[in-house]
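Here is a short tour of one protein model, written to be read with the structure open beside you. Please take a moment to turn it around before reading on.

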Amino acid sequence: MIRPNYKTPRDITQEEVRAICTIKDQSWPHSMESQLEWWKKYTAKNDVFVTLVNSGSILAFLRLRNRTVSVRGVCLGALCVTEVCVNERYQGQGLGMQLLDAAAAYVKKTNSSVAYLLCWDIQEPFYAACGWHRTDASPQIESASGQESRPLAKNERCMIFDPQNRLNGRIVLFGDVF
Ligand SMILES: CC(C)(COP(=O)(O)OP(=O)(O)OC[C@H]1O[C@@H](n2cnc3c(N)ncnc32)[C@H](O)[C@@H]1OP(=O)(O)O)[C@@H](O)C(=O)NCCC(=O)NCCS
């Protein structure tokens, strides 16, 4: 039976991190050493790791990062989804959708109850099939320092999960959006 699992940096095991990095490496090939270094460097204390697990094996992974967005000048807490990946042996069987459902269930329980992610145009149909929507107004991305700002590239998409329609308007995303 495939189940969603939610972990924090405090309770995830090194064995689980290695299993996740093995799946990530299929899509974003580096070395395992580099994957583990990246994990250590870019994991924040309040990240949430969402996995799909079958008989103790991790089949799919995504990360939820705590972020802030500004909508028509008003700041709002939001979760940013990154590193969405399904073990290549199990792709095309509905696991990606199950993983996004697990993320949505988590997001709905948070105060802000909104989430966003950046992807390429060719990935938009997958997220649309999962019930996410492309933002109407093109968002602006500001660096964490606030010193740099850029619009989305032509083939970049900002997809949102926003059941309460709180992201209605021009959005500014802050900080790292990978
Ligand atoms: C993208 C990914 C997460 C999808 O997971 P998956 O388990 O293969 O997808 P699912 O089987 O749950 O498919 C769900 C729906 O999305 C569609 N879909 C899946 N991948 C798609 C793609 N690349 N392009 C268009 N549609 C896609 C499916 O057809 C299905 O729609 P349907 O229900 O109408 O048939 C997976 O292929 C993956 O890990 N890819 C490599 C990493 C990656 O690119 N991640 C995204 C980074 S933004």
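In which sense do β3 and β10 pair, and over how many bridges? The two strands pair in the antiparallel sense, over three bridges. Strands here are DSSP runs of E with at least two residues, helices are DSSP runs of H or I with at least four, and both are numbered from the N terminus. Two strands pair if DSSP finds at least two bridges between them.

A word on the model before we continue. It is predicted, so local features need pLDDT of at least 70 and side-chain atom pairs count only at pLDDT 80 or more, while totals for chains, interfaces and linings use all residues. Residues are numbered from 1 along each chain as its sequence is written.

**The chain as a whole**

The protein chain has four helices and ten strands, and along the sequence they follow the pattern β-α-α-β-β-β-α-β-α-β-β-β-β-β. Its C-alpha atoms fill a box of roughly 45 × 30 × 30 Å along the principal axes. The radius of gyration is 16 Å, which agrees with the value near 16 Å for a compact globule of 178 residues; it is taken over C-alpha atoms, and the globule rule is 2.2 Å times the number of residues to the power 0.38. Of the contacts with a separation of 6 or more, 68% are between residues 24 or more positions apart. A contact means that two C-beta atoms, placed from the backbone, lie within 7 Å.

Buried residues make up 25% of the 178 residues. A residue is buried with 20 or more other C-beta atoms within 10 Å of its own, exposed with 12 or fewer, and partly exposed in between.

**Strands β9 and β10**

Back to β10, which has a covered face, Ile171 and Leu173, and an uncovered one, Val172 and Phe174. In a regular strand the side chains alternate between the two faces of the sheet. Val172 is the bridge partner of Ser70, and Gln140 also stands opposite Val172. Strand β7 (residues 140-142) runs parallel to β10, joined by three bridges.

β9 is mostly covered, with five of its six residues buried. Six bridges join β9 to β5 in an antiparallel arrangement, with Cys158 as the partner of Leu118. β9 also runs antiparallel to β6 (residues 133-134), through two bridges, and there His133 is partnered with Ile160.

**The nonpolar core**

Ile160 is also one of the residues with the most contacts inside the largest nonpolar core, which has 37 residues; the others are Val81, Leu99, Ala103, Ala115 and Tyr116. Such a core is a set of buried Ala, Val, Leu, Ile, Met, Phe, Trp, Tyr and Cys residues joined through C-beta atoms within 7 Å. The elements giving two or more residues to this core include α1 (14-27), α3 (95-109), β9 (156-161) and β10 (171-174). Its largest share, seven residues, comes from β3. Leaving aside residues up to four places away in sequence, Ile160 touches Val114, Ala115, Tyr116, Trp132, His133, Thr135 and Leu167.

**Around the ligand**

The ligand is surrounded by 16 residues, of which Gln91, Gly96, Met97, Pro125 and Ala129 are the closest. A residue is counted here if its C-beta atom, placed from the backbone, lies within 6 Å. β4, α3 and α4 (124-129) each supply at least two residues of this shell.

**Four residues to look up**

Here are two cysteines and two residues with a notable backbone angle.

| Residue | Place | C-beta neighbours within 10 Å | Class |
|---|---|---|---|
| Cys80 | strand β4 | 22 | buried |
| Glu83 | strand β4 | 19 | partly exposed |
| Cys130 | loop between α4 and β6 | 18 | partly exposed |
| Asn165 | loop between β9 and β10 | 9 | exposed |

Cys80 and Ala115 are 35 residues apart in sequence, yet 5.6 Å apart in space, C-alpha to C-alpha. Cys130 touches Met97 and Leu100, again not counting residues up to four places away in sequence.

Most residues other than glycine have a negative phi. Glu83 has a positive phi of about 55 degrees although it is not a glycine, and Asn165 likewise has a positive phi of about 55 degrees.
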